[in-house]
Amino acid sequence: MKSTVESAVIEQLKQVLDESRVLTKEEDRVSYSYDASFGVHIPEVVLQPLATTEVQEIMKIASTYKIPVYPRGQGTSLSGGPLPVKGGIVLDFSQWDSRLDVYPDDMVAIVSPGVKTAAINEKVNQFGLMYPPDPSSSNVSTIGGNLAENAGGPRGLKYGVTKDYVIGLEVVTAAGDVIRTGGRTVKNVTGYDLTKLLVGSEGTLGVITEAILRLIPKPPATATLMAVFDDIVDSGSSISRVLSSGIMPAKMEIMDQASVQAVEDYQPLGLPTDIEAIVLIELDGHPQAIKEEIERVQTICLEVGAREVKVARNAAESLELWKARKLVSPAIVRLKPTKISEDATVPRSKIPDMFKRLKEIRAKYQIDLVVFGHAGDGNLHPNIIADQRDQEEMRRVEQAVEEIFQAAIELGGTLSGEHGIGTMKAPFMELELGKVGLEMMKRMKQSWDPDNILNPGKIFPEEGQRFVLRSE
């Protein structure tokens with residue numbers, strides 16, 4: 001049942017925010033009814049707070065009238081994270097980018113929720129530092145959205161994901177209180193680690209209004225190579241062999257034959273298409289160490305069956321090698337207009353098995369499936385290309401996605417490595433966590449948000465909820 005925000009409540013909200021930041025026109029509300037996933041849900045009102053005190057007052061009003069509140073960044077979520085499925089209020093944080101302060105001596109940055117992720121790295125680079133999390137949407141996504149979904153990216157192999165770089169938060173609770181978790185010290189073991197609990201909670205426990213991010217020194221040099229494999233199993237072996245050799249690449253990305261073919265059809269780069277996989281590897285660190293490591297990686301790839309290994313001689317050649325990976329998404333949507341992007345993650349040793357399962361699923365349901373992703377940490381991105389107007393095709397796609405999730409879990413993996421759960425994966429939560437595990441999470445939610453007004457309809461499946469991509 002959807003909420004209805006009465007006109008009297010709207011008037012109260014206008015006492016908190018400037019009227020220009022209270023959006024009630026239908027055309028404005030429709031703009032906030034969707035994200036990068038599936039489903040359209042129109043909110044009653046959209047608010048654009050620019051201060052913690054404003055969020056406090058909004059939450060107090062929402063708590064009084066039991067109105068659902070949906071925090072939102074730039075709407076780049078692939079899991080339905082910010083969709084206002086119960087109506088109510090959308091909190092648009094995309095305008096709140098006023099704070100991006102860097103403290104080089106402490107190696108931390110303090111940021112407002114609407115700051116773009118790429119802007120953080122650009123700013124800290126000026127101090128010889130780096131903010132490692134690098135989701136592919138970093139040029140448009142906000143840090144608030146990254147915090148909510150615990151975003152990752154190609155550098156996750158070596159450097160980890162968002163939660164590994166958050167050491168403090170300012171959060172507004174469902175009742176409108178402000179709490180601070182963690183702080184500016186790297187070591188902090190006082191009580192429960194609420195910071196880690198809140199990062200990745202998808203706005204269901206509190207509204208993040210500020211974050212303290214840990215920074216690291218920027219590596220002085222990088223090097224890139226591309227290995228071409230006739231056998232997908234050999235490509236998986238190369239990944240394991242490189243990592244067990246003591247070398248830790250910054251990135252290890254994989255593209256299957258369908259991905260490579262799509263790129264070549266879209267923008268020919270001279271890549272071989274009669275292969276099963278391409279693996280891209282980037283190393284970073286001290287120049288002399290990188291020189292030795294890149295030679296060792298090249299040798300390992302050839303030893304396990306690579307047809308060819310190309311090593312970039314300079315930055316320009318490195319960019320050229322990575323160009324293929326960057327072109328996959330625009331290349332595949334030329335075939336059909338609807339893209340379903342998943343991020344099932346399996347143990348590294350199970351990558352070849354997952355590829356085998358994906359081939360079987362592709363054949364069984366006769367779908368257009370390409371696979372690429374972060375091979376080094378087992379975070380694959382099976383992408384299905386379809387036409388949402390074709391109901392019969394979308395039904396097959398739904399069945400295929402369900403089997404992809406089941407395959408990942410059966411192989412010891414997880415539903416999501418970096419996209420989050422949102423609405424898209426909620427029906428499968430019990431499959432991974434079990435009844436008791438899911439119940440424990442529900443208890444935490446109940447404790448933090450007893451009236452269920454913070455991003456309701458996310459993470460936890462509702463009775464009879466199914467995975468649906470079609471408009472029914």
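In this predicted model, four strands make up an open sheet with mixed pairing, arranged in the order β1-β2-β4-β3. The edge positions are taken by β1 (22–23) and β3 (69–72); each of them has a single partner strand, so one side of each lacks a neighbour in the sheet.

The pairings that involve β4 can be followed residue by residue. Strand β2 (residues 45–47) runs parallel to strand β4 (residues 89–92), and the two are joined by three bridges. Within this pairing, valine 45 is found opposite isoleucine 89 in β4. Strand β3 also runs parallel to β4, here with four bridges between them. Isoleucine 89 in β4 turns up again in this second pairing, where valine 69 stands opposite it. As for the side chains of β3, Val69 and Pro71 point one way, while Tyr70 and Arg72 point the other way. All of these β3 residues are buried, even though β3 is an edge strand of the sheet.

Turning to the aromatic side chains, a search of the whole structure returns five aromatic pairs. One of them is formed by phenylalanine 405 and phenylalanine 428, which meet edge-to-face at 4.7 Å centre to centre, with 65° between the planes. Phenylalanine 405 belongs to helix α13 (residues 391–410), whereas phenylalanine 428 sits in the loop between α13 and α14 (429–448), so this contact ties together parts that are 23 residues apart in sequence. Both phenylalanine 405 and phenylalanine 428 are buried.

Phenylalanine 405 also pairs with phenylalanine 467, again edge-to-face, at 6.3 Å centre to centre and with 80° between the planes. Because phenylalanine 405 lies in helix α13 and phenylalanine 467 in the segment after α14, this pair ties together parts that are 62 residues apart in sequence. Phenylalanine 405 has a relative accessibility of 0% and therefore counts as buried; phenylalanine 467, at 3%, likewise counts as buried, since the cut-off for this class is under 20%. Taken together, the ring pairs link Phe405, Phe428 and Phe467 into a cluster.

Aromatic rings also meet charged side chains in this model. The charged end of arginine 184 is placed over the ring of tyrosine 103, at 4.1 Å from the ring's centre. In another such arrangement, lysine 251 lies over the face of tryptophan 322, 5.1 Å from the ring centre.

Conventions. Residues numbered from 1 in each chain as written. Predicted model: local features only at pLDDT ≥ 70, side-chain atom pairs only at ≥ 80, totals over all residues. Heavy atoms only, no water. Pairing = 2+ DSSP bridges. Buried < 20%, exposed > 50% of the residue type's maximum accessible area, 1.4 Å probe, protein only. Phe/Tyr/Trp six-rings, centres within 6.5 Å; stacked < 30°, edge-to-face > 60°. Lys NZ or Arg CZ within 6 Å of the ring centre and 35° of its normal.
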